[in-house]
Amino acid sequence: MTDFKATKAMFELPQGIVYLDGNSLGPLPKAVDARLHQTARQEWGQMLITGWNKAGWMGLPTGLGDRIGRLIGAETGSVVVGDTLSIKVYQAVASALELNPNRKVVLSDNGNFPSDLYMADGLLRSLGAEYELRVVAPEEVAENITEEVAVMMLTEVDYRTGRMHDMKALTELAHANGVVTVWDLAHSAGAIPVDLAGCNADFAVGCTYKYLNGGPGAPAFIYVAPRLSDRVRPALSGWLGHEAPFAFDLDYRPGSGIERMRVGTPPVLQMTALSAAMDVWDMAEMADVRAKSIELTELFIAKVEATCPGLTLASPRDPARRGSQVSFHFAEGYAAMQALIARGVIGDFRAPDIMRFGFTPLYVDESDVEQAAEILADIITNNLWDQPEYKIRQRVT
Ligand SMILES: *Cc1c(COP(=O)(O)O)cnc(C)c1O
């Protein structure tokens, strides 16, 4: 059993704050500070360039990939860390398309995160006018999986509402129609159990600064099924994905397996922070995290619905069909969220009217949920959000 008291003690959480936004940026694991100092002083400072070998910096992308892989049901050696998620989406879709050279359609849905759609659109425009990005409603994805489609690109958990796609069923349907799959796990990794190998997924990508707590700007990860990874051509053919980077050949030859999805020099300090964050994850079992997350989200929904009739649930009511977040529609959601943050309860707002709350059992418990629901009820019942200072839109919402 995961000891959630022990994991909570491993985070630096400011006094008096209930943090319900770990789905957007995880908090600071206490060990990060010392680890960064150690890497800066003992490794970078003392070893200088020899740190790449002596301190094992060059192995960080695959080492971290395997640790993340355990949480998402990936085979050992099938995940590598690097770049940002937008880049990894591009990389996965480009390689996936080449596995289906006679088809020109990428299928996605309008619940996807815009950056994924923008990146796919940008890629398809470079490939030529005969390519098409087909965006349908989430509930219409299945009926749009046809033999015209080359690649199905979906985010498993909707970033606004937490609605989940059925990864296993959709992947099966895709394969039955000759479609290659790309799953974005941005709101899945560390939030819900994922079984990439069991679902027979082809490609997956995700980020590490949300539920995995790698810190602002922490790098992304990419998964390629072992049955494909020696066949795919990396469209972003950087030197560190080369078979022999230090041979400095003028021609590109892809490295073996997942190594070929590396692009350039890894961000060592950021990966050091991520590695300290993964130490907390090593103490957790995803089944426990999921069970606790369902308890917390059910409790929050019950409390909010009992006290705030003006808020309507935007997330699926069935916990099996939602990720680890709960969202409510409220016309004055932006101001209400600002008022809530001013009272120490941090969630976020997604246009046009969604108040979003992430539940992360590693450091959020029942008493946090109760406190958050009480403060929210006070703000809504007494219209405390109705103040000019809560209505000024900031750059990041
Ligand atoms: C958070 C998120 C992103 C962000 O991409 P970055 O390149 O890391 O900024 C992309 N896609 C999805 C689905 C996300 O949830």
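Student: Which residue follows helix 2, and what is the sign of its phi?

Tutor: Leu48 comes directly after helix 2, and its phi is positive, near 50 degrees. This value, like every other one here, comes from a predicted model.

Student: Which residues of helix 2 are called buried, and what covers the buried residues?

Tutor: Helix 2 spans residues 31–47, and Val32, Thr39 and Glu43 are buried in it. The term applies to a relative accessible area under 20%. Strand 3 (28–29) and helix 10 are among the elements that cover the buried residues of helix 2.

Student: What makes strand 10 largely enclosed by the rest of the structure?

Tutor: Five of the five residues in strand 10 (residues 220–224) are buried, so the strand is largely enclosed by the rest of the structure. Ala220, Ile222 and Val224 point one way, Phe221 and Tyr223 point the other way, and all are buried. In a regular strand, side chains alternate between the two faces of the sheet.

Student: How do you know that strand 4 and strand 10 pair?

Tutor: Pairing requires at least two bridges. Strand 4 (residues 79–82) and strand 10 share four bridges in the antiparallel sense, so the requirement is met. Val80 has Ile222 of strand 10 as its bridge partner. Strand 9 (residues 203–207) is also joined to strand 10, antiparallel, by five bridges, and Gly206 stands opposite Phe221 there.

Student: Why are strand 11 and strand 14 called edge strands?

Tutor: The open sheet has four strands in the order 11-12-15-14, with antiparallel pairing. Strand 11 (312–313) and strand 14 (348–350) each pair on one side only, and they are the edge strands. Helix 11 (residues 286–307) packs on this sheet and touches strand 11, strand 12 (325–329) and strand 15. Strand 14 is joined to strand 15 (residues 354–358) by three bridges, and Asp348 stands opposite Arg356 in strand 15.

Student: What makes the contact between Asp365 and Lys8 a salt bridge?

Tutor: The rule asks for a side-chain nitrogen of Lys or Arg within 4 Å of a carboxyl oxygen of Asp or Glu. The closest N and O atoms of Asp365 and Lys8 are 3.0 Å apart, so the pair qualifies. Asp365 lies in the loop between strand 15 and helix 13 (366–381) and Lys8 in helix 1 (residues 4–8), so the pair ties together parts 357 residues apart in sequence.

Student: Why is Asp365 called partly exposed?

Tutor: Partly exposed lies between the cut-offs of 20% and 50%. Asp365 has a relative accessible area of 23%, and Lys8 has 24%, so both belong in that class.

Student: Is Asp202, the partner of Arg227, buried or exposed?

Tutor: Asp202 has a relative accessible area of 3%, so it is buried. Arg227, at 41%, is partly exposed. Their closest N and O atoms are 3.0 Å apart in a salt bridge. Arg227 is in helix 9 and Asp202 in the loop between helix 8 (196–199) and strand 9, 25 residues apart.

Student: Why is Phe246 called exposed?

Tutor: Its relative accessible area is 56%, and the cut-off for exposed is over 50%, so the term applies. Phe246 is found in the loop between helix 9 (226–229) and helix 10 (268–281). With Trp239 and Phe248, Phe246 makes a nonpolar surface patch of about 370 Å².

Definitions and conventions. Residues numbered from 1 in each chain as written. Predicted model: local features only at pLDDT ≥ 70, side-chain atom pairs only at ≥ 80, totals over all residues. Heavy atoms only, no water. Patch = residues over 30% accessible without salt bridge, like charges linked within 9 Å, V, L, I, M, F, W, Y side chains within 5 Å. Areas by Shrake-Rupley, 256 points an atom, 1.4 Å probe, with all protein chains shown as cover. Helix = DSSP H or I, 4+ residues; strand = E, 2+ residues; numbered from the N terminus. Buried < 20%, exposed > 50% of the residue type's maximum accessible area, 1.4 Å probe, protein only. Contact = heavy atoms within 4.5 Å. Axes fitted to C-alpha atoms, helices over the stretch in contact; angles between N-to-C directions.
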